[in-house]
Amino acid sequence: MTDLHVLRVFCGPGGTYGNQLGVVLDGQAVATGQDRQAVAARLGFSETVFVDDAGTGVVDIYTPSVRLPFAGHPLVGTSWLLGRLRARPELLHPPAGSVPTWQDGEFTWIRGRAQWAPDRRMQQYASVEEVDSLPGPPPGDGWLYVWAWQDRAAGRVRTRGFPRRGDAIVEDEATGASAIVLTAELRQALNIMQGKGSQILTRPGPNDTVDVGGRVILEETRSL
């Protein structure tokens, strides 16, 4: 038996909203491949992380239906948890590559690349009201991130994220990887309000990277 830590990542001010995340710190207790996929499907979070080596930051990320080489909110949440419970490594190592991570006040940050989240379509709408009024994902397949400017001069953006991959996650409350792709396309720092009220901060980093940060809280720890 091993513990499951349930977090909320990219919370709004005061710890509101955020996207749930499951983190198994003793990842070695769950075999790789089909066993981990089955656990992620059973838990039903948009992503579940298995930490294979906390000291060096080696992690494995699953949605309910697929394994991911990179994802934003799982890495931000895992970094925060490692910093809270033990020494946070300077780098996390998902399959996509080495991901720098650090804490700055109440925000936990990671640095990633847009090409680590391929095939994500960005669709701009004319107003925040149009984004808010969408009853669900627009027709089509593949990851869709819809957005509109709230205040272009201030870099404030309203977004919603639709994985459209056929599993139980119809809409993602907060999505770091899509925020990285949008920031890379717009080439400016953003203050993103996604979903019901989650907050994601981004900014262009060195060498075509993007920094993404947010607040994290621990909801509960329970046996897996």
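D208 is an exposed residue in this predicted model, and its relative accessible area of 68% puts it over the 50% cut-off for that class. To find D208, look at the loop between β13 (198-204) and β14 (210-223). Its backbone deserves a second glance: D208 is not a glycine, yet its phi is positive, about 65°.

A similar backbone feature turns up in another loop. R164 also has a positive phi, about 50°, without being a glycine. This residue lies between β11 (156-162) and α4 (176-186). Is R164 buried or exposed? With a relative accessible area of 13%, R164 is buried, because that value is under 20%.

Follow the chain onward from that loop and you reach α4. This helix is mostly covered, with eight of its 11 residues buried. The buried set runs through G176, A177, S178, A179, I180, V181, L182 and T183. After α4 comes R187, where phi is again positive, near 60°.

Now step back to the other side of β11. The loop joining β10 (144-151) to β11 holds A154. Its relative accessibility is 47%, so A154 counts as partly exposed, between the 20% and 50% limits. If you would like a sense of distance, pick out D52 as well: A154 and D52 are separated by 102 residues in sequence, and their C-alpha atoms are 40 Å apart in space.

The aromatic side chains are a good next stop. How many aromatic pairs are there? The count comes to four. One of them joins F50 and Y62, whose ring centres are 5.8 Å apart; the planes meet at 85°, so the pair is edge-to-face, as the angle is over 60 degrees. This contact links distant parts of the chain, with F50 in strand β3 (residues 48-53) and Y62 in strand β4 (residues 58-62), 12 residues apart. Both F50 and Y62 are buried.

W147 and W149 make another edge-to-face pair, with 5.4 Å from centre to centre and 85° between the planes. Each of these tryptophans falls under the 20% cut-off and therefore counts as buried: W147 has 5% relative accessibility, and W149 has a relative accessible area of 15%.

One more ring is worth a look before you leave. Which residue lies over the face of W109? It is R203, placed at 4.0 Å from the ring centre.

Notes. Residues numbered from 1 in each chain as written. Predicted model: local features only at pLDDT ≥ 70, side-chain atom pairs only at ≥ 80, totals over all residues. Heavy atoms only, no water. Helix = DSSP H or I, 4+ residues; strand = E, 2+ residues; numbered from the N terminus. Buried < 20%, exposed > 50% of the residue type's maximum accessible area, 1.4 Å probe, protein only. Phe/Tyr/Trp six-rings, centres within 6.5 Å; stacked < 30°, edge-to-face > 60°. Lys NZ or Arg CZ within 6 Å of the ring centre and 35° of its normal.
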